[in-house]
Amino acid sequence: MADLRFSWLWVVLLVVLSGAVPGKGQDEGVVAPEAGGRREMVPAMFIFGDSLIDNGNNNNLASLAKANYYPYGIDFKAGPTGRFSNGYTMVDEIAELLGLPLIPAFSESSGDQMLHGVNYASAAAGILDITGRNFVGRIPFNQQIQNFENTLDQLTNNLGAVDAAQSLARCIYFVGMGSNDYLNNYLMPNYPTRNQYDGQQYADLLIQQYNGQLTKLYNLGARKFVLAGLGLMGCIPSILSQSTAGVCSEEVNKLVLPFNANIKTMINNLSTNLPGSKFVFIDIHNMIQDILSNARLYGFSVVNRGCCGIGRNRGQITCLPFQTPCANRDQYVFWDAFHPTEAVNILMGRKAFNGNQEVVYPINIQQLASL
């Protein structure tokens, strides 16, 4: 498996939030019990990203970045589905809060299954096409957008052009990209990127590409965007395990700051230049800082090692097939070497949905959905 320090990632950044709500897993296409009596706030949600929110698109790829084996999904009703978690991902919780069923993976969706949205996310994927090649098979953001175009063709055929366009403008478009462009590109020794760009130059390169990709989604009919920033990637078990001191890497944490700053500038510019568009930025950096600083207040007792993994901080080798994970998963911030537990994913989703401007800017997802 590519480089023992697997880097599947977003996970990495998004790593962490609060509290614990166990065992919420369910089958896609079945409205969650809590959402059963709730009106759907939006027609659908379309999801683009990497392993933090991948729910099975890599399962049938020739890829080293997969999670369709036990103990992944140990707390999910359907078992191992390809989610890099013991249960829910953040977008599962957000879908439920929006009154939607869990959103199906693109690789497994067709016909009426697509009417509430599609998840195109792929572990090891990045903004740059070359990102994640150590894992071989993955679906970069550009290809995810092409897959969305295929979905649009089917929806337009079923609904008609006018109805489809009106519905698409009311949908949520969740994008969580960028972590692999650092962990599985810039920070990898077999990539030349670090010798070609300093931190700010690389962030500028990524945002230039990102801006074009989001504009393409807008031109395809997207209007309500939710973008997740990068978190404290220097504090994940994989990075902690590289130091005998077991402390966060300030070098890695500082490296991604220009990217987050650039995203805020980008969404302000896009909001001005793309008529009718609305952008929400989820400040993962602030979320993670909060959870690491106030872990016990959120119900977490273990913040520096994975629930499932091998070696120092249980982060030198990530969770292996049929490995026995920790029993008290709700008390762990990290599920494996890179990804947060279901408890963190659920709390992160809730903060993104109805949190204040310290964690979601300029409005939250609930407010966005109501526009």
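A: Helices and strands are DSSP runs numbered from the N terminus, a helix having at least four residues and a strand at least two, and with that in hand we can place residues in this predicted model. Asn313, for instance, lies in the loop between strand E6 (309-310) and strand E7 (317-318).

Q: What is the value of phi of Asn313, and is that value positive or negative?

A: Phi of Asn313 is near 60°, which is a positive value, and the residue carrying it is one other than glycine.

Q: Does Asn313 count as buried or exposed?

A: The general idea is that a residue is called buried when its relative accessible area is under 20%. Because the relative accessibility of Asn313 is 14%, this residue counts as buried.

Q: Where is Val136 found, and what is its phi?

A: Val136 is found in the loop between H2 and helix H3 (141-159), and its phi, near 65°, is again a positive value in a residue other than glycine.

Q: Why does Val136 count as partly exposed?

A: Partly exposed is the class in between buried, under 20%, and exposed, over 50%. Val136 has 49% relative accessibility, and therefore counts as partly exposed.

Q: Which residue does a cis peptide bond join to Pro362, and where does Pro362 lie?

A: The cis peptide bond joins Tyr361 and Pro362, with omega about -10°, and Pro362 lies in the loop between strand E9 (360-361) and helix H13 (365-370).

Q: Is the peptide bond from Tyr70 to Pro71 cis or trans?

A: The bond from Tyr70 to Pro71 is cis, its omega being near 10°, and Pro71 is found in the loop between strand E1 (45-49) and helix H2 (90-97).

How values were computed
Residues are numbered from 1 along each chain as its sequence is written. This is a predicted model: local features need pLDDT of at least 70, side-chain atom pairs count only at pLDDT 80 or more; totals for chains, interfaces and linings use all residues. Side-chain values use heavy atoms; hydrogens and water are left out. Buried means under 20% relative accessible area, exposed over 50%, partly exposed in between (1.4 Å probe, protein chains only).
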